[in-house]
Amino acid sequence: MVKLAIAVSGRGSNLKALAAGMASDCRFAPPIVVADKPCPALEWAEKQGLRTLLLPYRQSKEAAESALTRLLDNEQIDGLLLAGFMRLLSPAFVERYKERILNIHPSLLPKFKGAQALKDFWESDEKESGVSIHLVTAELDGGPLLAQEKVSRSNSFETFEEAIHAVEHQLYWPVAQAYFTR
Ligand code: GRF
């Protein structure tokens, strides 16, 4: 059985889409959900009865990454899916789980890296943006791409943002599913 962990920091809409995908494929165990802080995504996971872990980032990044390493190793987790996780993992952590960490980013990377990708695109002259799924390396939003899907600029920022999230929710699970069953 493929065992994945999902790392979150916020709302958790991608977490919900991923968890639904995993529940529909008997090759996958229910995900373990980790968060860097208390957040709606972590609360939702607890309510679902999923195993969760609040990483001690308040103590230090080292403590948090050690706790995550222990969990991933003890549970023999095959991969880690970042789903709105707002922390940069250390080079040593990324190296340890090389090619086993995926991330979703709301732009056509390498354009608009960073936490403000939607706003940065909106304030640019570009006509289309999109969603990227990539392998995580030590460089922020910089690893090899696994999939991209375009989303056109729309009339308002709100409708554009909704369109981006709708694509995210359709794209992440099939890409992760194919990657970890290849
Ligand atoms: C998504 O737009 C994702 O691409 C970005 O952070 C957002 C997380 O949203 N990395 P949610 O918490 O999954 O709803």
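This is a short chat about aromatic rings in a predicted model.

Visitor: How many aromatic pairs are there in the whole structure?
Guide: A search turns up nine aromatic pairs. One of them is Phe 28 with Trp 173, an edge-to-face pair with 4.9 Å centre to centre and 75° between the planes.

Visitor: Where do Phe 28 and Trp 173 lie in the chain?
Guide: They come from distant parts, 145 residues apart. Phe 28 is in the loop between helix H1 (13-23) and strand E2 (32-35), while Trp 173 is in helix H6 (residues 157-180).

Visitor: Buried or exposed, those two, Phe 28 and Trp 173?
Guide: Phe 28 is buried, and Trp 173 is buried as well.

Visitor: Next, Phe 93 and Tyr 97. Why is that pair tilted?
Guide: The planes of the two rings are at 50°, so the pair of Phe 93 and Tyr 97 counts as tilted. Over 60 degrees would be edge-to-face, and under 30 would be stacked. The ring centres of Phe 93 and Tyr 97 are 4.9 Å apart.

Visitor: And why does Tyr 97 count as buried?
Guide: Because its relative accessibility is 3%, and buried means under 20%. Phe 93 is buried too, with a relative accessible area of 3%.

Visitor: Changing topic: which residues form one aromatic cluster?
Guide: Phe 112, Phe 121, Trp 122, Phe 157 and Phe 160 do.

Visitor: Where does the charged end of Arg 153 sit?
Guide: Over the ring of Phe 121, 4.6 Å from the ring centre. The charged end of Arg 153 also sits over the ring of Trp 122, 4.9 Å from that ring's centre.

Methods. Residues are numbered from 1 along each chain as its sequence is written. This is a predicted model: local features need pLDDT of at least 70, side-chain atom pairs count only at pLDDT 80 or more; totals for chains, interfaces and linings use all residues. Side-chain values use heavy atoms; hydrogens and water are left out. Rings of Phe, Tyr and Trp (its six-membered ring) pair if their centres lie within 6.5 Å; planes under 30 degrees apart count as stacked, over 60 as edge-to-face and the rest as tilted. Helices (H or I, at least four residues) and strands (E, at least two) are DSSP runs, numbered from the N terminus. Buried means under 20% relative accessible area, exposed over 50%, partly exposed in between (1.4 Å probe, protein chains only). A charge sits over a ring if NZ of Lys or CZ of Arg is within 6 Å of the ring centre and within 35 degrees of the ring normal.
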